[in-house]
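Subject: Structure for your files

Hello,

Here is the structure I said I would pass on. My notes on what turned up in it follow below.

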Amino acid sequence: MPLDEDVVAAIYREHGPALRRFVLSASRDPQVAEDVVQETVLRVWQQAPDITGSLRSYLFRTARNIMIDNYRKAQRRPAEVAEREIADPAEAVERVDELLNRVLMEEALLRLSSEHRDVLVALHYRRFTVNEAALQLNIPSGTVKSRAYYAVRALRTILDEMGVER
């Protein structure tokens with residue numbers, strides 16, 4: 001049988017400040033401390049336990065258990081990103097677009113033949129000159145140039161098939 005509201009209000013008035021200080025010593029966040037204190041009093045109200053010892057020690061034990069439960073819940077969830085960590089939503093959209101473009105380009109490159117892909121990676125991603133790419137790939141410079149030409153054409157076709165607009 002739950003306690004009546006007057007008894008709970010008296011518990012909150014009498015023990016609330018001490019509970020808040022106890023929780024603040026562990027969490028350092030006033031909002032978290034207030035939430036834990038309220039949850040502690042709420043549990044006492046809902047459960048109306050038969051307390052044989054000190055009510056205050058029971059409240060502190062309950063608050064400690066709530067803090068442990070909250071910590072365990074937080075460990076199971078992925079980290080939350082605060083709004084202030086994303087300064088500009090447009091910047092976040094640009095990063096997502098950039099990531100999507102990279103994924104699409106990687107997929108398109110995987111559809112190319114290995115010879116065409118190797119030449120494009122050497123020239124455009126590793127920033128090799130034609131002569132450096134020829135040495136790296138162990139093929140003549142003219143072959144690098146022709147493979148690059150046909151690889152770009154094939155890549156454009158693949159991107160068109162994928163529905164990527166320029």
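Asp 4 sits in the segment that precedes H1. This is a predicted model, so please read everything below with that in mind. With a relative accessible area of 45%, Asp 4 is partly exposed. Its C-alpha atom is 9.9 Å from that of Gln 46, although 42 residues separate the two along the chain.

Overall fold

The protein chain has seven helices and zero strands. In sequence order the pattern reads α-α-α-α-α-α-α. Of the 166 residues in the chain, 23% are buried. The exposed area of the chain is about 12300 Å², and 51% of that comes from carbon and sulfur atoms. Among contacts with a separation of 6 or more, 55% are between residues 24 or more positions apart.

A buried position in H2

Helix H2 covers residues 30-47, and Thr 40 is part of it. Thr 40 has a relative accessibility of 0%, so it counts as buried. What does Thr 40 touch, leaving aside residues up to four places away in sequence? The list is Leu 19, Leu 59, Thr 62, Ala 63 and Ile 66. Of these, Leu 19 falls within the range of helix H1 (residues 5-27), while Leu 59, Thr 62, Ala 63 and Ile 66 fall within that of helix H3 (residues 55-76).

Salt bridges

How many salt bridges does a search of the whole structure find? The search gives four.

One of them joins the side chains of Glu 34 and Arg 20, with an N to O distance of 2.7 Å. Glu 34 belongs to helix H2 and Arg 20 to helix H1, so this pair ties together parts that are 14 residues apart in sequence. Glu 34 counts as buried, at 19% relative accessibility; the cut-off for buried is under 20%. Arg 20, at 23%, counts as partly exposed.

Another salt bridge is formed by Arg 43 and Glu 39, whose closest N and O atoms are 3.2 Å apart. The two residues are four apart in helix H2, so about one helical turn separates them. Arg 43 is partly exposed at 24% relative accessible area, and Glu 39 is partly exposed at 29%. Both residues also belong to a network of salt bridges that links Glu 39, Arg 43 and Asp 69.

The side chains of Glu 107 and Arg 111 form a salt bridge as well, at 3.0 Å from N to O. This pair lies in helix H4 (residues 89-111), where the two residues are four apart, or about one turn of the helix. Glu 107 counts as partly exposed at 35% relative accessibility, and Arg 111 counts as partly exposed at 46%.

A positive patch

Which residues form the positive surface patch? They are Arg 64, Arg 72, Lys 73 and Arg 76. Arg 64 is located in helix H3, which runs over residues 55-76. The relative accessible area of Arg 64 is 45%, which makes it partly exposed. A residue needs over 30% relative accessible area to be part of a patch, so Arg 64 passes that condition.

Two loop residues with positive phi

Most residues other than glycine have a negative phi. Arg 127 is not a glycine, yet its phi is positive, at about 60°. Arg 127 is in the loop that joins helix H5 (114-125) to helix H6 (130-137). Its relative accessible area is 67%, so Arg 127 is exposed.

Asn 138 is also not a glycine and has a positive phi of about 60°. The loop that holds Asn 138 runs between H6 and helix H7 (141-162). Asn 138 is exposed too, with a relative accessible area of 70%.

Regards

Technical notes. Residues numbered from 1 in each chain as written. Predicted model: local features only at pLDDT ≥ 70, side-chain atom pairs only at ≥ 80, totals over all residues. Heavy atoms only, no water. Patch = residues over 30% accessible without salt bridge, like charges linked within 9 Å, V, L, I, M, F, W, Y side chains within 5 Å. Areas by Shrake-Rupley, 256 points an atom, 1.4 Å probe, with all protein chains shown as cover. Lys, Arg positive; Asp, Glu negative; His and termini not counted. Charge placed at Lys NZ, Arg CZ, Asp CG, Glu CD. Buried < 20%, exposed > 50% of the residue type's maximum accessible area, 1.4 Å probe, protein only. Contact = heavy atoms within 4.5 Å.
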